[in-house]
Amino acid sequence: MRIATRRATGALIAMLLALFGLAVPASAQTQAAVGPVEITFTPDPAVPAGEYNLWVWPTGGNGVSMPFTGKDAAGNLTASIPVPEGKTTVNVIVRRSTSSNEWEWQTADFKEIVGTSAISATYQDKENFTLTREPDPSIAKPTPAEPGKCMALHTKEFNDKYAYDGELGALYSPASTTFRLWAPTAVSVNLLNDTTGKSLPMTAGEKGTWEYTLAGDQAGTVYRYELTFEDGTVNVSSDPYARASTANSAASVVVDSAKTVPAGWSAKRVAGLKDRSQAVIYEAHVRDLTIRKNNGITNKGKFLGVVEKGTRTAKGNPSGLDYLKGLGVTHVQLLPMYDFASIDETGDLSWGAQYNWGYDPANYNVPEGSYSTDPKNPTSRIVEMKQMVQGLHDAGLHVIMDVVYNHVFDTAKSPLELTVPGYYFRMTNECGFQNGTGVGNETASEQPMMRKFIVDSVKYWASEYNLDGFRFDLMGIHDVETMNQVRAALDQIDPNIIVLGEGWEMGNHPKGVVPSNYRHPGEIPGISHFNDAFRDAMKGSVFDAKAAGFASGSNSEKDAARVYDGVLGSPEAFDFAAPYQSVVYNEAHDNFTLYDKLKATSALEGAPDSEIARRHALATTVQALSQGTLFVHAGQEFLRTKGGDENSYKSPDKVNELDYDRAATYPGNEALFKGLVALRAKSPWLHIASYEEIANRIAGGAVDGEHIAYEVKDAFGKGASAWVFVNGSKEAWNADLVAGEYGALIKDAAVPASPVKVASDGTVEVEPLSVLLVGQWDAVAPAVVPSQEPSQSASPEPKKSEDPASKETDPQKKTDQASQKPNAAPNQKQLSFTGSAAGVLAVVAGGLVLAGAAIAARRKES
């Protein structure tokens with residue numbers, strides 16, 4: 001999920017109003033309707049001023065990043081924050097953003113700052129800061145809340161009294177259905193039977209529950225709850241535990257799960273992997289996979305479209321399920337499939353009509369209706385999602401679901417807030433919602449009943465839909481106890497279920513609550529974290545489009561060293577308990593695709609597409625050779641582009657759709673990817689289980705900003721090492737290697753069908769912008785890891801897709817591949833690389849040397 005959008009520049013007031021979704025009248029192009037809020041911030045003097053910025057949002061709206069624009073006489077940072085037209089207040093966070101963490105540090109929320117006010121903040125240390133607000137004296141101050149009132153539902157006493165561990169929701173049987181709701185602060189609750197039009201008074205039960213039992217078979221009954229509270233407030237809500245819904249989340253529906261079993265459904269779980277790090281996770285979106293015109297898929301934008309067999313594009317290229325199967329990946333991770341609020345399920349769902357990633361939770365335990373062929377039929381979405389899961393399983397693919405328990409789309413409409421106001425969310429002392437997510441609210445997973453809700457939900461999805469994994473959006477908002485309970489509950493179902501998440505450091509956790517972020521991975525074993533350190537070192541900061549990384553020519557020893565650390569599972573960057581906790585990735589649905597990032601990088605301005613393709617292949621190859629869990633974004637294998645859109649969460653289909661024909665445009669890159677996946681599957685040395693073993697078996701490092709080299713002992717058997725050379729230069733690299741005959745398993749941006757013999761007379765050539773993986777010839781000669789595709793180097797120039805109506809070619813596109821492999825220049829820095837099949841590699845050309853023993857020592861010190 002994206003927290004940030006582009007930094008505000010230029011006409012800040014007009015742009016921010018536009019980002020808030022508000023019109024900018026002609027009379028207000030340079031001034032908001034209400035005077036701006038003036039802010040002064042005293043920063044940490046040791047931190048570059050440019051790393052500090054503001055996160056600004058109107059109540060109920062989305063947030064944007066805004067820079068400080070000036071300094072006062074004392075050197076404090078200053079800015080004028082516009083108040084959107086039609087609003088009188090704005091909300092503000094001061095934060096520090098670094099290349100590896102956009103929320104490296106932050107203040108608490110400045111909530112509901114009145115226009116024309118002045119506010120100030122002062123950095124004290126990493127844990128402390130001061131906030132001061134001086135409201136406009138012409139505007140009345142809000143009446144302060146009664147002390148303790150806002151947090152009364154977050155006390156130990158309240159939770160000890162009311163926390164309930166029983167089953168909730170519509171508990172169906174053919175003979176009767178019991179409706180059970182947890183609402184301890186309500187004074188009365190009615191069951192609204194929308195099927196019959198009756199309002200039925202519910203009976204108070206234990207621990208704040210309310211119940212009503214309807215006799216007879218109630219499958220299909222439409223219902224809601226009407227709750228009355230002590231202050232006279234009346235809320236009407238759907239069921240937080242609903243498992244079926246009418247269109248657009250209007251009401252809940254009783255479901256008989258026995259009637260939602262599709263033909264061919266297998267209750268038996270798919271066999272898992274021996275090691276989590278064997279997973280190759282392919283992230284995709286249901287609509288992206290299926291919606292494009294002329295892709296041969298009938299059920300466009302639907303669950304069923306994902307699993308149609310035998311589909312081809314109009315140009316004859318495989319699409320949909322056949323394409324996914326051909327990649328060799330192990331898991332398909334699908335962006336939110338639960339019921340989300342940002343799409344009108346009864347509206348136009350055709351190509352170009354509506355689009356959203358789906359990070360807008362409405363009903364957590366109900367499939368999204370727009371992905372079904374009949375959104376108005378409550379069971380259609382259930383049956384068809386199960387058909388999709390089964391179809392992927394039948395194709396040998398595991399299924400991971402993207403879950404978003406960290407926030408809701410609209411607290412005013414959320415069943416969680418409507419049924420127990422102020423309980424499920426972290427609150428401020430002024431009774432507002434904390435906003436660590438940047439989208440207006442954050443759930444309180446440390447609350448026993450919120451924790452129970454999350455655990456119950458993943459258990460339901462895993463058991464009812466046979467899902468094989470869960471990706472936790474903004475996992476850092478949650479706490480370690482909740483995530484450990486999630487892991488334990490899933491282990492009871494299937495210990496092979498994968499759990500991974502965004503362990504960013506964020507959220508307003510109460511004192512004593514340990515966040516489930518990347519600073520605490522050892523406290524949540526069995527759960528993996530996205531490795532943004534590897535990502536940014538490889539391609540440059542995702543928060544600066546023009547910034548370069550190792551693969552884009554930064555020529556930085558720091559980047560090269562961080563990439564090599566990622567190859568080892570990032571023992572230096574993170575304190576992961578085991579390598580599988582490192583989710584190694586170069587791109588995801590968030591931010592630029594790798595291709596678009598390379599095209600935007602300043603250092604590559606004007607670079608031909610042939611060079612971009614080589615650099616892309618370089619990044620993908622190093623990623624595939626890294627310890628940890630491999631994660632790729634759909635289309636990464638064929639250089640997916642979104643036309644430079646770095647936040648396409650609601651961009652049209654033409655931006656987000658998957659262009660299967662692009663794989664034919666870059667056949668070398670696609671073949672390389674398939675070969676790398678096959679190599680990884682057959683190479684235990686790419687799945688080393690512990691950091692101690694990695695330290696004992698892998699040695700090498702980054703010699704300079706363009707070259708990395710290392711040895712993996714016993715990769716091809718006892719005493720048979722693998723040697724890996726990574727050349728980030730546009731020049732060929734003559735690396736020293738003990739004389740002898742070797743077999744190359746990766747060479748010149750390709751995985752050959754069988755190892756290619758390479759002779760070393762003391763040096764070995766590594767082609768420009770490529771990786772060379774070799775083993776001694778007698779150890780690898782028997783085609784140890786054959787590729788599924790013919791040897792095909794990543795295209796020096798992209799292959800032009802043939803239009804069936806025209807066979808013309810562009811002669812300027814024909815490039816002599818040999819000319820792309822210049823010899824090393826006379827003054828080129830050489831890497832002296834010596835060793836033997838059983839020996840320890842030594843990097844002696846200078847630069848940074850990282851030996852296995854040193855890595856182990858540093859881990860022990862930490």
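**Figure 1. Val-270 and the residues around it.** Skip the neighbours within four places in sequence, and Val-270 is in contact with His-393, His-398, Asp-468 and Asp-494. This is a predicted model, so take the whole tour in that spirit. Val-270 sits in the loop that runs between strand E19 (252-253) and strand E20 (280-284). Is Val-270 buried or partly exposed? Its relative accessible area is 24%, so Val-270 counts as partly exposed. Look also for Gly-396: 126 residues separate Val-270 and Gly-396 along the chain, yet their C-alpha atoms are 8.5 Å apart.

**Figure 2. Helix H6, from end to end.** H6 covers residues 380-394, and at 1.5 Å a residue its 15 residues should span 21 Å. The C-alpha atoms at its ends are 21 Å apart, so the model agrees with that expectation. How many of the residues of H6 are buried? The count is 12 of the 15, so the helix is largely enclosed by the rest of the structure. Among the buried ones are Ser-380, Arg-381, Ile-382, Glu-384 and Met-385. His-393, a contact of Val-270, is also on the buried list for H6. Just past the helix comes Gly-396, with a positive phi of about 85 degrees.

**Figure 3. A barrel of parallel strands.** Here 8 strands close into a barrel, and going round you meet them in the order E20-E21-E24-E25-E26-E27-E28-E29. The pairing is parallel. From one strand to the next, the twist averages 30 degrees. Helix H9 (residues 480-493) packs on the sheet, where it touches strand E25 (469-472) and strand E26 (498-501). The direction of H9 makes about 160 degrees with that of E26.

**Figure 4. Strand E20 and its two partners.** Which residues of E20 are buried on each face? On one side they are Val-280, Tyr-282 and Ala-284, and on the other Ile-281 and Glu-283. That makes 5 of its 5 residues buried. E20 runs parallel to E29, and 4 bridges join the two. One pair to pick out is Ile-281 with its bridge partner Phe-631 in E29. Strand E21 (residues 331-334) is also joined to E20 by 4 bridges and runs parallel to it. In that pairing, Tyr-282 has Val-332 as its bridge partner.

**Figure 5. Where E28 meets E29.** Strand E28 (residues 582-584) and strand E29 (residues 629-633) run parallel, with 2 bridges between them. Find Val-584, and you will see Leu-630 of E29 standing opposite.

**Figure 6. Helix H10 under cover.** H10 is made of residues 532-539, and 8 of its 8 residues are buried. The buried list includes charged-looking names to spot in the sequence, namely Asp-532, Arg-535, Asp-536 and Lys-539, along with Ala-533, Phe-534, Ala-537 and Met-538. What covers the buried residues of H10? The cover includes strand E27 (528-530), E28 and three helices: H11 (557-567), H12 (594-600) and H13 (609-624).

**Figure 7. Two nonpolar cores.** In soluble globular proteins, nonpolar side chains tend to be buried together. The largest nonpolar core in this model has 147 residues, and those touching the most other members are Trp-182, Met-388, Phe-470, Phe-472 and Leu-625. Helix H8 (residues 448-464) gives the most to this core, with 9 residues. Met-388 is also one of the buried residues of H6. Leaving out neighbours within four places in sequence, the contacts of Leu-625 include Val-567, Leu-679, Trp-685, Tyr-710 and Ile-746. There is a second, separate core of 22 residues, and Ile-39, Phe-110, Ile-119 and Ala-121 are among its members.

**Figure 8. Met-151 and a far-off stretch of chain.** Met-151 lies in the loop between strand E10 (128-134) and helix H2 (156-162). Its relative accessible area is 29%, so Met-151 is partly exposed. Not counting residues up to four places away in sequence, Met-151 touches Met-427 and Asn-429. The C-alpha atoms of Met-151 and Gly-422 are separated by 7.9 Å, although their places lie 271 residues apart along the chain.

**Figure 9. The whole chain.** Stepping back, the chain holds 19 helices and 39 strands. Of its 862 residues, 59% are buried. About 31900 Å² of the chain is exposed, with carbon and sulfur atoms supplying 50% of that.

Note on methods. Residues numbered from 1 in each chain as written. Predicted model: local features only at pLDDT ≥ 70, side-chain atom pairs only at ≥ 80, totals over all residues. Heavy atoms only, no water. Expected span 1.5 Å × (residues − 1). Buried < 20%, exposed > 50% of the residue type's maximum accessible area, 1.4 Å probe, protein only. Contact = heavy atoms within 4.5 Å. Pairing = 2+ DSSP bridges. Axes fitted to C-alpha atoms, helices over the stretch in contact; angles between N-to-C directions. Areas by Shrake-Rupley, 256 points an atom, 1.4 Å probe, with all protein chains shown as cover. Core = buried A, V, L, I, M, F, W, Y, C linked by side-chain atoms within 4.5 Å.
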